[in-house]
Amino acid sequence: MSGTVPTKEDILSAFRAALPVMLGYLAIGLPCGIMESKVGFSPLMSFVLSMTFYSGAGQFMIPSMWLAGSPLYSVIASVSFVNTRQMLYSAAFSPYFSDVSRPLAFFFSATVTDESFGVSLEKFVTDEAWTPRRALLVNLMSMTSWGVANTVGTAVGPVLNLPLAVTSFAMTSIFVCLLVGQPLNRTTAVVVGVAFAGVLVCKLVGLAGPAILFGALAGVVAGMVFEVARGR
Amino acid sequence: MTLSDFAILYVSVLATMLACRCIPLFVLKGRELSPRLTQALGLIPAAAFAALVANDIVSPSAFATNPVQAMVPFAASAVVVVVARKTGSLIWCAIVGMAAYALLTMVI
C-alpha cells in the first residue's frame, strides 16, 4: 500500500477481476441509457449520473417512474430507499479498511455498488494479495464501463431496441454465481432461505422498493439467531 | 424532464447515495469490533446476494398472470447454478444465463 500510484500488477489484477462486471454493464447499460433518453436525458446527463450516482437499479427506476407520471419527490424517495442496501456493503468492507487513508476509504466507499461489492469482497476473503487500492480500481473500471454504456445508450437510444429482460439477466447470473461461491453450511442456508423469503414477503405486501434491504437484514438476523441457538 | 428537475433529482439521490455508501464504513473503520458484530458482518454477503437474486427472479404479479412464464428466471438461474459450481466463472455464468433465459423465453 505504499505510494499512491497503482502498479501495473494492481491494474492487471483489478482488470481481470472487473472484466465480467464490465462486460455485463455494457449489455445492461445500453438499455438503461435508451430508457434515460426517453425522458429527455442528454448523453452528458447520463454520463454524469452514471459516473457519480452509479446505480443500475436507481437509474432504471428514474425513467420508469417518470414515464409512469410519478411526481419528482416520489421518484427521489423511492430511488433513495432502494439504495439504502448500500449501507450493508459499506459496513461489510469496514474490517478491510481499518488502516487505509481517509481519501482512499472515501473514494472506495463512494464508488462501490452491488457487483463490485461481490467481486471485491470475494477477493478480500480468498486473495491475500488483494488490496483496497485494487478494490478501488475495480470500482472505477466498472463505473467507467457503466458510464460509457449509458452514454452510448442515451446517444443512440431512438434507433436501438435491445431485449432488456435478457440483457439484465447477465447481472442476475453474476449475483447467482457470487451466491453459489458463499460457504456451504447450515447458517448460510438459513441466511439465504430467510433473505429469499424476506424479499418475497416484501413484494407481496407492496414493499418492492426496500425489498433487498429488508430481505438481506432478515437473513442476517436469522443467521445470528441460528448461531446463538447453536451456542456459537 | 427539464434541466431543473434533473438537477434537483441528481443532487438529492447523490446525497443519499453517498451517505449510505460512506457513513457505515467511516463509523466502523478502525474500531475494535465485537465478535458478534464481526459474525454479523460476515453474514452480509450471503444475505445480500440472496436478496439481490430473489429480487430479480421473484415476481408475485407475474406468477398471478402467467405462472409458467414466471418460472423462466428460476429455470435460467438453476442453469447458472450448475455453471457456477462447475466453472466459478462470472463471465461464463453471465453468458450462459442470458442464453438460457433467451431460449427459455422463446420455448415457453
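I'll start with helix α4 of chain A: its buried residues pack against α3 of chain A together with α1 of chain B. Those buried residues are V75(A), I76(A), S78(A), V79(A) and V82(A). Before going on, please keep in mind that this is a predicted model.

Next, α3 of chain A, one of the partners of α4(A). Helix α3 covers residues 56-67, which makes 12 residues. Taking 1.5 Å a residue, the expected span is 16 Å, and the C-alpha atoms at its ends lie 17 Å apart, so the two agree. Which residues of α3(A) are buried? They are G56(A), G58(A), Q59(A), M61(A), I62(A), P63(A) and W66(A). And what covers them? The cover includes α1 (8-38), α2 (43-52), α4 (72-82) and α9 (164-180) of chain A, together with α1 (3-28) of chain B. After α3(A) comes G69(A), with a positive phi near 90°.

Now chain A as a whole. It has 11 helices and 0 strands. The radius of gyration is 19 Å, against the value near 17 Å for a compact globule of 232 residues, so chain A agrees with that rule. The C-alpha trace spans about 60 × 50 × 30 Å along its principal axes. Of the 232 residues, 52% are buried. If we take contacts in chain A between residues at least 6 apart in sequence, 79% of them join residues at least 24 apart.

One more helix in this chain, α8, residues 132-156. With 25 residues at 1.5 Å each, α8 of chain A should span 36 Å, and its end C-alpha atoms are 36 Å apart, so that agrees. Is this helix enclosed or open? 18 of the 25 residues of α8(A) are buried, so the helix is largely enclosed by the rest of the structure.

On to the domains. Chain A is divided into domain 1, residues 8-170, and domain 2, residues 182-232. Their C-alpha centres lie 24 Å apart. How many residues are in contact between the two? The count is 6 residues of domain 1 and 5 residues of domain 2. On the domain 1 side, the largest share comes from α4(A), with 3 residues. So α4(A), the helix I opened with, appears here as well. That side divides into 3 nonpolar, 2 polar and 1 charged.

Chain B next. It has 6 helices and 0 strands. Its radius of gyration is 20 Å, well over the 13 Å from the globule rule for 108 residues, so chain B is more spread out than a compact globule. The C-alpha atoms of chain B fill a box of roughly 50 × 50 × 30 Å along the principal axes. Buried residues make up 36% of the 108 residues. For contacts in chain B between residues at least 6 apart in sequence, 40% join residues at least 24 apart.

Now the interface. 76 residues of chain A are in contact with 58 residues of chain B. Which element gives the most to the chain A side? That is α9(A), with 13 residues. Helix α9 of chain A is also among the elements covering the buried residues of α3(A). By residue class, the chain A side of the interface divides into 48 nonpolar, 24 polar and 4 charged.

Last, the core. The largest nonpolar core has 101 residues, and V191(A), A195(A), A47(B) and A50(B) touch the most other members. Helix α2 of chain B, residues 35-57, provides the largest share, 12 residues. The core also draws at least three residues from each of domain 1 and domain 2 of chain A.

Let me take V191(A) as an example. Leaving aside neighbours within four places in sequence, which residues is V191(A) in contact with? In chain A they are G219(A), V220(A), A222(A) and G223(A). In chain B they are L43(B), A46(B), A47(B) and A50(B). Of these, A47(B) and A50(B) are also among the residues that touch the most other core members.

To recap: the radius of gyration of chain A agrees with the globule rule, whereas chain B is more spread out, because its 20 Å is well over the 13 Å that the rule gives. The two chains meet through 76 residues of chain A and 58 of chain B, and the largest nonpolar core has V191(A), A195(A), A47(B) and A50(B) as the members touching the most others.

Technical notes: Residues numbered from 1 in each chain as written. Chains lettered and ligands numbered in written order. Predicted model: local features only at pLDDT ≥ 70, side-chain atom pairs only at ≥ 80, totals over all residues. Helix = DSSP H or I, 4+ residues; strand = E, 2+ residues; numbered from the N terminus. Rg over C-alpha atoms; globule rule 2.2 N^0.38 Å. Buried ≥ 20, exposed ≤ 12 C-beta atoms within 10 Å, placed from the backbone. Contact = placed C-beta atoms within 7 Å. Expected span 1.5 Å × (residues − 1). Nonpolar A, V, L, I, M, F, W, Y, C, P; charged D, E, K, R; others polar. Core = buried A, V, L, I, M, F, W, Y, C linked by C-beta atoms within 7 Å. Domains from an automatic or database assignment.
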